[in-house]
Amino acid sequence: MHNYFLNEIKEECGVFGIYHHPQAAQLTYFGLHALQHRGQEGAGIAASDGKTIDCIKGTGLLSDVFHSEELKKLQGENSIGHVRYATAGGNELENVQPIVARAKIGCMAVAHNGQIVNADELQERLENHGNIFHGSSDSEIILHLIQREHGTMLEKIQKACQKMEGAFSFVILTERSLYAVRDKNGLRPLSVAALEDGYCVSSETCAFDSVGARFLRDVEPGEIIKFSDMGLETFHYTSDTRHRICAMEYIYFSRPDSDIEGLNVHTVRKASGKRLAQKDKGNTIADIVVGVPDSSVAAAMGYSEESGLPYEVGLIKNRYVGRTFIEPTQEQRDMGVKMKLSANASVVKGKRIILVDDSIVRGTTMKRIVALLKGAGAQEIHVRIASPEMAYPCFYGVDTSTKKELISARYTCEELCKYTRASSVRFLTIDDLIGVYGTDKLCFACFSGNYVTPLFHDINQKTEK
Ligand code: AMP
Ligand code: SF4
């Protein structure tokens, strides 16, 4: 779990919104706090008092950006917020969200999770029409598209969404209303909850508990929910919809206490671990099961339960090492490893270990963990990965890497085994995951290469915007 050794892998973002609550901004802060795992590079909150929208944002963690004095400045009953992990666009302040526009039609703020795959084309067209972009984030495109369209705010959003391809879950705050939108494939999660006599929207359901909201339902693919004086109203921007939630949400990104499309993340991870053990039945001899903290612990528990092998805490994560730790030289990088993760020698010494991790991206993490465990005296290490080989880049908001950096695009399982110096390496298949989830209605594109939208990019030439 988690790339302990390289900080460049990009994740997700988190969006949150409150409609009709006297402490909207404060609650948005608590909600974003529960979503902090989805992005640590920037955070922001925008609030509307019915007349205008104020926004405070900055780079870093939520706690770096907000102190109680700042929150008091954000008045009003409606609010949206964002935690950012840069996918498209850099890490500069102008790319931190929400992005606010003050136009003839009034004030508007948007917070976005996902990635628009035809962003370059749309931006070029908008610039040819005289639109000026302040940052390099594709989220700004949404605002420009909405502003250019004609009709009511809802019609403008509908028309703007029809022009965008890719992954987007976003919340839009206007002076009096709040909108929650999900792309027609439902690639990124977005859910709605009731909060006293108002509403709450969040990327993950775990944030509802932290504000005392009651889960109502997921936003449907292609749906636009409007929260206003009329209550909750539902619309669609297209009837051409499918359920294709990102499989990596279950595998790695989301918090274990979140439910996505009716499935609890922890339960799914544990079942994936059980599936790994079933595939090993009668084949692998080991003494203990060790999970790489945190997100692989559930799969390791599942493996242990199914196989009857004891689960042991063979790896310890130091929770207080910042993610922005700078590691310029090899020695410093090695030191970084030791600071972030330790092998529990008294547990692993002389043991044959089933080592469970959720995924392998570039292979760096696994190679170093195997070395760490061997250095602590482990005898054999059998690597078990609770997902399939990741051989294709993601264009939907997870910049996992370029294709050539993905180790499973270059190495067979046997070569990977040699490279990591493990005794064996095994993955789940897509069919295994479908069995675990009980549905094939997900995106598995980084494992299969079957992308769910047109791409507008050459997958071998994936570049950062
Ligand atoms: P790597 O060293 O590149 O193979 O990284 C693999 C590790 O990173 C695994 O332990 C995963 O849990 C974690 N991981 C997978 N996807 C991501 C991502 N998009 N961002 C950060 N870490 C990730
Ligand atoms: Fe998720 Fe992979 Fe699909 Fe990207 S390509 S949305 S990471 S399943």
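## Close-up views of a predicted model

**View 1. The shell around ligand 2 is made up of nine nonpolar residues, no polar ones and one charged residue.** Welcome to this predicted model; we start at one of its ligands. Around ligand 2 you will find Arg188, Cys246, Ala247, Met248, Cys394, Tyr396, Val398, Cys443, Ala445 and Cys446.

**View 2. Ligand 2 takes up the space of the second largest cavity.** Two helices are worth finding here. Helix 8 (247–253) gives at least two residues to the shell around ligand 2, and helix 17 (445–448) likewise gives at least two.

**View 3. Seven strands form an open sheet with antiparallel pairing.** To follow the sheet across, read the strands in the order 3-2-4-1-10-9-11. Going from one strand to the next, the twist averages 15°.

**View 4. Strand 3 (53–59) and strand 11 (214–218) stand at the edges of the sheet.** Each of these two has a single partner strand, so one side of each is left without a neighbour in the sheet.

**View 5. Strand 2 (residues 42–48) and strand 3 run antiparallel and are joined by seven bridges.** For a pair to look up, try glycine 44: its bridge partner in strand 3 is lysine 57.

**View 6. Helix 1 (residues 24–34) lies across four strands, namely strand 1 (14–19), strand 2, strand 4 (78–84) and strand 9 (191–195).** Take strand 4 as your guide in this view: helix 1 runs at about 25° to strand 4.

Conventions
Residues numbered from 1 in each chain as written. Chains lettered and ligands numbered in written order. Predicted model: local features only at pLDDT ≥ 70, side-chain atom pairs only at ≥ 80, totals over all residues. Heavy atoms only, no water. Near = heavy atom within 4 Å. 1 Å grid on protein atoms, 1.4 Å probe; cavity = no way out; pocket = protein on both sides within 12 Å on 5 of 7 lines; lining within 4 Å. Sits in = over half its atoms within 2 Å of the grid points. Nonpolar A, V, L, I, M, F, W, Y, C, P; charged D, E, K, R; others polar. Pairing = 2+ DSSP bridges. Axes fitted to C-alpha atoms, helices over the stretch in contact; angles between N-to-C directions. Contact = heavy atoms within 4.5 Å.
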